[in-house]
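User: Please take a close look at one part of this model, the stretch you think is best tied into its surroundings. I'd like one connected account rather than a list.

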Amino acid sequence: MDHTAAQLLEDSLLKVWSERDEEKRMAVITRIYSADIVFYETDNTPVITGHQAINQLIKSLQAQWPPEFTFKLTKPAVANHGVSHVAWTLGVANATPAASGMDIAIVKDGLIKELYLYLDATAS
């Protein structure tokens, strides 16, 4: 297993998407995402490109979530030749998750170059 690609994806979820402090979040974004990263949310939404655009998306999404919402890995990320996968839940600790899904990352030159979201379910 490629520990670097797997760790990058775990850090993406736990240290970027979970971080509420914008300055701290941007510091991690620049460390683990390539400058021209692309994020694919769904086939029906525009592609998000670059550090600032991803940071703005996260800020917007977090504004809709209660402050106690956190991401939790359902098991450790795994990687195969620079492609990593992790499954997760989002919600209040020790409660039914509000959402679940998985992320897939393409890692090139030690940074996440592409990030794909697959949303499984959201609570009604």
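Analyst: What follows is a walk around one strand, its partners and the spaces lined by residues in that area.

First, the small print: this is a predicted model, where local features need pLDDT of at least 70 and side-chain atom pairs count only at pLDDT 80 or more, while totals for chains, interfaces and linings use all residues. Residues are numbered from 1 along each chain as its sequence is written, and side-chain values use heavy atoms, with hydrogens and water left out.

The part I'd pick is strand 5 (83-91). Helices (H or I, at least four residues) and strands (E, at least two) are DSSP runs, numbered from the N terminus. Seven of the nine residues of strand 5 are buried, so the rest of the structure largely encloses this strand. For the cut-offs, buried is under 20% relative accessible area, exposed is over 50% and partly exposed is in between, with a 1.4 Å probe and protein chains only.

Now the partners, where pairing takes at least two DSSP bridges between two strands. Strand 5 is joined to strand 6 by eight bridges, and the two run antiparallel. Along that pairing, His85 sits opposite Ile104, and Leu90 has Ala99 as its bridge partner. Strand 6 is largely enclosed by the rest of the structure too, since seven of its ten residues are buried. Strand 3 also pairs with strand 5, antiparallel over four bridges, and here Phe71 is matched with Leu90. So Leu90 has a bridge partner in the strand 3 pairing, Phe71, and one in strand 6, Ala99. Then there's strand 4 (residues 78-80), which is antiparallel to strand 5 over three bridges. In that pairing Val78 faces His85. Strands 4 and 5 make a hairpin with two residues between them, and His81 in the turn has a positive phi of about 50 degrees.

At the other end of the story is Thr89, also in strand 5. It counts as buried because its relative accessible area is 18%. Beyond its neighbours within four places in sequence, Thr89 is in contact (heavy atoms within 4.5 Å) with Thr70, Phe71, Lys72, Thr74, Pro97, Ala99 and Ser100.

Several of these names come back in the second largest pocket, which has a volume of about 180 Å³. Its lining includes Thr70, Lys72, Thr74, Thr89, Leu90 and Pro97, and strand 3 and strand 5 each supply at least two of the lining residues. By class, that lining is six nonpolar, five polar and one charged. Ala, Val, Leu, Ile, Met, Phe, Trp, Tyr, Cys and Pro count as nonpolar, Asp, Glu, Lys and Arg as charged, and the others, Gly among them, as polar. On a 1 Å grid over the protein atoms alone, a pocket is an open set of points with protein on both sides within 12 Å along at least five of seven lines, a cavity is a set where a 1.4 Å probe fits but cannot get out, and lining residues have an atom within 4 Å of a point. Points are joined across faces, edges and corners, and the volume is what probe spheres set on them fill.

Asn94 lines this pocket as well, and it belongs to the loop between strand 5 and strand 6. Asn94 is exposed, given its relative accessible area of 87%, and it has a positive phi of about 65 degrees despite not being a glycine.

Leu90 also helps line the largest cavity, along with Trp17, Ser18, Arg20, Gln62, Trp65, Phe69, Thr70 and Phe71. About 30 Å³ of space lies in there. Five nonpolar, three polar and one charged residues make up this lining. Ser18 comes in from the loop between helix 1 and helix 2 and touches Leu13, Gln62 and Phe71, leaving out residues up to four places away.

Finally, strand 5 is among the elements giving two or more residues to the largest nonpolar core. That core, with 34 residues, is a set of buried Ala, Val, Leu, Ile, Met, Phe, Trp, Tyr and Cys residues joined through side-chain atoms within 4.5 Å. Helix 1 provides its largest share, seven residues.
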